[in-house]
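Okay, thanks everyone, I'll keep this short. Have a look at the sequence and the structure while I pull up my notes.

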Amino acid sequence: MTSSHPSPQSVAESKGVPGEIVRTAISFLLFLHFFALAVAIFSNWSPSTLASRLRKVPGVRGYLQFFDMDQAYIGLYNLHDGMSEDTDSTVELDLKLASGEMRTFTLPEPGLRPHQRFRHFSRLAEVAADLASNQDLQSVVPQAIAKHYIARLEAAGQELGGGTVGEIRVGNWLLQSMEAMQSSRADERDPHSAVYYRKLYEARVLRVGGKVQLLKVEEARDVAPAASSAGAK
Amino acid sequence: MMGAVRDYFEALFGGFGAGWTRFWFRPCDPAPLSLIRIAAGLTAFYLVLTYTPDLETFFGRDGLEPLEMFDSLEQESRGLDRQAIVHQIRESMPRQYRFSYLDDLDSPGALQAGHLAGLAVLALFTAGLFTRVTSVLALLVLLSYIHRGPLLTAQVEPILAFVMFYLCLGPSGAEWSLDRWRANRQAKNRPVSLQASDSDPPGAAARMSWGATVAIRLIQVHLTLVYAMMAVGKLSSDVWWRGEALWWLVAKAESRLVDFTWLHGDFARLAFDAMTNGVMLYQLAFPVLVWNRLARPLVLGLGVVVWGLLSLVTGMVPFALAMLIASLAFVPAETVRSALPRCCE
């Protein structure tokens, strides 16, 4: 049986190809690298039991995370899934100064340039919005945002009172359909109209003992009915 | 019968071995790798530079991304099944295995100094000075920003991180670099007896390197995997199947660069439908056709159109650039050399 392919020896003998020991060592490292990459791809998107367990192979997770390769490549690069988290998000913080004046901060600040700067703030707002449905994590980002802007105001010599010092809201802008663009109603044609805004999380900003805390404002529908009214109808 | 089976497997493994050696180790011209170094270095420099006005806002003592926040995100999410977290959040979660030299810099002065040092490293890497060292340092700088501000990162950083990782493995400073300029100057200053003779191969041929092959192949294979995953994701997504995805990207009023929403009506609907399917088809075709010598120029040329369009629609210019930069690994060295003016060499 003859082969039309050149033998490994003849290829290896070509000028400049490394020796066999080096080739074997590098091939082994390439295998390890692609194994880790395959684990990242398969374990970050609807993972099978096997893929989830392969993440626990010693060194794999550390290697992937350190080099920023531990990504859900499918989800991350899909750009748009038609899901609610694919919209633009925003965080608004109202702070009341001791003088009674209100200061409002919006993330991302519209028109921030260069655009990559805008994207940094936009990503932070997106994460805050995505976490809003998670009871354990929803206040983590808004609290850091409130703490930052309070510290900034104080550093600038602006005084805030004690107790409730403001309010923070996380929301997103629902996307306009093509039909809405042609609507006869002006508010439907305006992408920043209130009809497109959806509030995801709202909290009062409190200062207790010098620390910043958030007290979530529950929507009426989220609050359990009073016991006396349960049988009223 | 057994002999035929044995012969088959011998031929199979022999062919695979030869192909493997040829694919990964046959020396190649490092010109494309050097071009990728310049482009990736400039992009990384720009990305890090955009943090300059907001350094303290994000990473300062009372910044928007305090290290304590990472701890609480880690602790809270570790209790849950990490996989159960929405993927978009998971991507932004602080990593358990992370490194950032910015962690220890929280005073304004130290932060500024660390930031300037990072920019200097990226500039040296882009210019190709001590590239073997600065390529590793530049990767560490980029990773430091990624790991210090995971909630600020998105699609571009992982692409740039793998490109810069692979650039560390090959002679990315071989061409169009201060290293090359220094080497040329040293060669000229050498005594005549030590200078290259007529029988020595000319410059480019002398710089053929299997290290360049490994680095370029790694970028090619990794990029192909990313495209394949992009395509698989789109195939499993309703909005891409229905031809609506591009409209929904256009409708994101806050993030787009150019407003295309004035395009509406029946014709526009068909145009968005066609463009959505075009993007999907391109990402589906890339992993296969880019390996075909004849189709490759067409695939790479179309990439400029597709990513140009997507960058206008989504506002993700650095991401689109990073995809195009990684695609340079498929451009033949002769094309790269003929495209760049001689004065750069």
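So, what do the buried residues of helix H14 in chain B pack against? They sit against four helices of that chain: H11 (210–235), H12 (238–241), H13 (245–250) and H15 (296–314). And which residues are we talking about? The buried ones on H14(B) are B:Phe272, B:Met275, B:Thr276, B:Val279, B:Met280, B:Gln283 and B:Phe286. The helix itself covers residues 266–289, 24 of them, and spans 33 Å from first C-alpha to last, close to the 34 Å expected at 1.5 Å a residue. Do keep in mind that this is a predicted model.

Over to chain A. The domain assignment splits chain A into domain 1, 8–76, and domain 2, 84–222. The C-alpha centres of those two domains of chain A are 41 Å apart.

Now the sheet in chain A. It's an open sheet of five strands, in the order S2-S1-S3-S4-S5, with antiparallel pairing. S2 (102–107) and S5 of chain A are the edge strands, each with a single partner, so each has one side left without a neighbour in the sheet. From one strand to the next, the twist averages 25 degrees.

Let me walk through two of the pairings. S3(A), residues 163–173, runs antiparallel to S4(A) over 10 bridges, and there A:Val170 has A:Tyr201 in S4(A) as its bridge partner. S4(A), residues 197–208, then pairs with S5(A), residues 211–216, again antiparallel, over six bridges. In that pairing A:Arg207 stands opposite A:Val212 in S5(A). S4(A) and S5(A) make a hairpin with two residues between them, and A:Gly209 in the turn has a positive phi of about 60 degrees.

Which helices go with the sheet? H7(A) lies across S1, S2, S3, S4 and S5 of chain A, at about 45 degrees to S1(A). H6(A) packs on the sheet as well, touching S1 (88–96), S2, S3 and S4 of chain A, and its direction makes about 90 degrees with that of S1(A).

Last bit, the interface. On the chain A side 72 residues are in contact with 81 residues of chain B. Several helices of chain A supply at least two residues each to that side, including H2 (20–43), H6 (115–131) and H7 (140–155). H6(A) gives the most, with 12 residues. And how does that side of chain A divide up by residue type? You get 36 nonpolar, 22 polar and 14 charged.

That's me done, over to you.

Key. Residues are numbered from 1 along each chain as its sequence is written. Chains are lettered from A and ligands numbered from 1 in the order in which they are written. This is a predicted model: local features need pLDDT of at least 70, side-chain atom pairs count only at pLDDT 80 or more; totals for chains, interfaces and linings use all residues. Two residues are in contact if their C-beta atoms, placed from the backbone, lie within 7 Å. Ala, Val, Leu, Ile, Met, Phe, Trp, Tyr, Cys and Pro count as nonpolar, Asp, Glu, Lys and Arg as charged, and the others, Gly among them, as polar. The expected span of a helix is 1.5 Å times one less than its number of residues. A residue is buried if 20 or more other C-beta atoms lie within 10 Å of its own, exposed if 12 or fewer, and partly exposed in between; C-beta atoms are placed from the backbone. Domain bounds come from an automatic or database domain assignment. Two strands pair if DSSP finds at least two bridges between them. Axes are lines fitted to C-alpha atoms, for helices over the stretch in contact, and angles run from 0 to 180 degrees between N-to-C directions.
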